[in-house]
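Me: I would like to go through the salt bridges of a structure with you. Please reason briefly and close each reply on the value or name requested.

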Amino acid sequence: MKRVSPALVAAMIATIVSIAAFCVFYIQGSTLGYKDVFSHLEIGRRMIAGQSTGFGQLGGIWLPLQHLLMIPLVWSDALYLSGIAGSVLSMGAYVVSVWAVFRIVYNLTSPPHLLAAWLAAAVFGLNPNLLYIQSTPMGETIMYASILLTVLGLIRWVQTDRYQYLLLASLSAFALTLVRYEGWITAVSLIGVVGYVCVRKGYALVKGDQKAQGLTLA
């Protein structure tokens, strides 16, 4: 019988915790406690329902990724009015974040330390503020997930030199730039980090096969 990955177990536990926390806050009527949640839900809804539907509803103050991800759910009156159409995204991002924290700590300890990974995931995932914000249609947990996946991908690329991990970091940073403005700084910083790592690894920047240039551009 194939052994279940500890990181997958952590994600499964995080899913249970996420749903339980949402139920508690939903029963209390506090999942729509932030004023900004109404803006997020309305933008997503107006893209597919109303007098002027379409991508023209995007823009303004908020970056678009969260609202685009709402489209499969926000058409439902029940999911829209209750805020669940946005909360589901936050909850999913919370689970990804806990999984990423587990993987980051596990891969940074030498030798890999399961207890440290579990403790890190627990400290992060059981934070009361995080449990509340992941129950709302806000975009913070999507930001956290994007940042953590970027860091995880970068760490694994440095450790293994496998291109798919650099691609994971790049795509996560790209998603982050479409969620929060902080992501723009993260993306620029990532380019510098990749260039620095290439120099440390001895990859050619201006001579030879110029591998460092290719990786930094990627």
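Me: How far apart are the closest N and O atoms in the salt bridge of Arg 180 with Glu 182?

Reply: This is a predicted model. A salt bridge requires a side-chain nitrogen of Lys or Arg within 4 Å of a carboxyl oxygen of Asp or Glu. Arg 180 and Glu 182 form such a pair, and their closest N and O atoms are separated by 3.3 Å.

Me: Is Glu 182 buried, partly exposed or exposed?

Reply: Buried means under 20% relative accessible area and exposed means over 50%, with partly exposed in between. Glu 182 has a relative accessibility of 38%, so the residue is partly exposed.

Me: Which residues are joined into one network by salt bridges that share partners?

Reply: Arg 180 pairs with Glu 182. The side chain of Arg 180 also meets that of Glu 140 in a salt bridge, at 3.2 Å from N to O. Glu 140 belongs to helix H8, whereas Arg 180 is in the loop between helices H9 and H10, so this pair links parts 40 residues apart in sequence. The shared partners yield one network of Glu 140, Arg 180 and Glu 182.

Me: Which helices hold Arg 45 and Asp 77?

Reply: The side chains of Arg 45 and Asp 77 form a salt bridge with an N to O distance of 2.5 Å. Because the two residues lie in separate helices, the pair ties together parts that are 32 residues apart in sequence; the helix of Arg 45 spans residues 36-46 and that of Asp 77 residues 77-82, namely H2 and H4.

Me: What is the relative accessible area of Arg 45?

Reply: The cut-off for buried is under 20%. Arg 45 counts as buried, its relative accessible area being 17%.

Notes: Residues numbered from 1 in each chain as written. Predicted model: local features only at pLDDT ≥ 70, side-chain atom pairs only at ≥ 80, totals over all residues. Heavy atoms only, no water. Helix = DSSP H or I, 4+ residues; strand = E, 2+ residues; numbered from the N terminus. Buried < 20%, exposed > 50% of the residue type's maximum accessible area, 1.4 Å probe, protein only.
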